[in-house]
Amino acid sequence: MPVERYLQSAIATDALASRKMAFISGPRQVGKTTLAKKLLKDPGNYFLWDDPGFRKAWSKSPSGALALRGPGPVLLDEMHKDRRWKTKLKGVFDKQGEDIPIIVTGSARLDLYRKGGDSLMGRYFPYRLHPLSVNESSTPPAPDDILQNRTTRFAWEDLLRLGGCPEPFFGASESKARRWSRLRLDRLATEDARDIQMVSDLNALRVVADLLCDKVSSLLSINSLREDAGVAYGTVRSWVSMLEALYFCFLVRPYAKKLRRVLTAEPKLYLYDILRIPGEKVSARLENLAALHLLKACHYWTDTGQGEFDLRFIRNKDKREVDFLVLRDDKPWVMLECKSNNKTPSPHLLFFAQQ
């Protein structure tokens, strides 16, 4: 990868320096394995579950499978495919955690699977890796430094055209990027989805995914989706939650605390892969890319212990709306409106700021 990703230094100085395992999750093909490999001192310390030799050795003895490792951290990739991966990993860490810095990566399912079953609490720090952003940097700004001048690393226009996942972005071909995006969704809507939940109608799931691509930046109505897809309400709701867990989409929920006449029901929907948004919907891509940048910042600051950050929006019954509100430790911190040409502050920003 041509650049050092923003989490590389944080993982080395945070989790690994604290003798904790580092769990790296995030959207499919966002660069998790490539990032983790850069943290290895010995390339031979990369262990992949899909490798038959390693899988057999790990099944017999997890400690024995790592016996021939070199110095420095070890990388365990796609380990969640082992039904008892957490129990085995817990045993390795409890016995050899002081001697073996461990990095665990996988598909988006890793973040979901680590939350259930046998507890690894206190043994790892989770990190969520996001697509590239305009100011991708090995030294991201702290929350109080966000208004300082930063060097632009990648052009905003290029991210709008090619998305932020490394392979299509550095490939610099719009046609290849579109094909990459389509194949990625095909795999997510079949293989990944089936591994998480019993889906009896994969074609209907794909229809729901396609419908979501047309609802970016809009209030998400499950009932409207149900009518368009011809699927039961509970099924659609379950599928949307699953697609969110798989890092296909994310929901930004409304903020209502201490505000009058605000709407509290429906969230707004955005995608991790903006290439799924039709190219003619420029404003939707613009707002989605802004949402991705903001969510990336919220996750980074939260994952690295700089506070609890959450991304919301505000809309009231008088149709006043602010696109984004960042909460810091559960309190309103920054409001943002996404505009391409207007340099005058929105009156809605001033209205809600007074409240």
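**Note on the predicted model: a loop residue, a helix pair and the internal spaces**

1. Residue N45 makes contact with L40, R69, G70, P71, G72, P73, V74 and L75, leaving aside residues up to four places away in sequence. The model under discussion is a predicted one. N45 itself sits in the loop that runs between α2 (32-37) and β2 (46-48).

2. Is N45 buried or exposed? Its relative accessible area is 0%, and N45 therefore counts as buried, the cut-off being under 20%. The contacts of this loop residue include the run from R69 to L75, as well as L40.

3. The second point concerns two helices. The axes of α10 (residues 202-213) and α12 (residues 233-245) come within 11 Å, and they cross at roughly 70°. Because angles of 65 to 115 degrees count as roughly perpendicular, α10 and α12 are described as roughly perpendicular to each other.

4. On the α10 side, the contact is formed by A204, L205, V208, A209 and L212. The α12 side supplies W239, V240, M242 and L243. By class, the residues of this contact comprise nine nonpolar, no polar and no charged.

5. The largest pocket has a volume of about 920 Å³. Its lining consists of 31 residues, and those closest to the pocket centre are N135, A290, H293, L294 and A297. Three elements give two or more residues to this lining: α13 (282-303), β9 (321-328) and β10 (331-336).

6. Which element gives the most to the lining of the largest pocket? That element is α13, with nine residues. The lining as a whole divides into 21 nonpolar, five polar and five charged residues.

7. The model also holds an enclosed space. Searching the whole structure yields one cavity of 30 Å³ or more. The space in the largest cavity amounts to about 90 Å³.

8. Fourteen residues line the largest cavity, and P131, L132, G164, L289 and L292 are the ones nearest its centre. In this lining, seven residues are nonpolar, five are polar and two are charged.

Definitions and conventions
Residues are numbered from 1 along each chain as its sequence is written. This is a predicted model: local features need pLDDT of at least 70, side-chain atom pairs count only at pLDDT 80 or more; totals for chains, interfaces and linings use all residues. Side-chain values use heavy atoms; hydrogens and water are left out. On a 1 Å grid over the protein atoms alone, a cavity is a set of points where a 1.4 Å probe fits but cannot get out, and a pocket is an open set with protein on both sides within 12 Å along at least five of seven lines; lining residues have an atom within 4 Å of a point. Grid points are joined across faces, edges and corners, and a volume is the space filled by probe spheres set on the points. Ala, Val, Leu, Ile, Met, Phe, Trp, Tyr, Cys and Pro count as nonpolar, Asp, Glu, Lys and Arg as charged, and the others, Gly among them, as polar. Helices (H or I, at least four residues) and strands (E, at least two) are DSSP runs, numbered from the N terminus. Buried means under 20% relative accessible area, exposed over 50%, partly exposed in between (1.4 Å probe, protein chains only). Contact means heavy atoms within 4.5 Å. Axes are lines fitted to C-alpha atoms, for helices over the stretch in contact, and angles run from 0 to 180 degrees between N-to-C directions. Angles under 35 degrees count as roughly parallel, over 145 as roughly antiparallel, 65 to 115 as roughly perpendicular and the rest as oblique.
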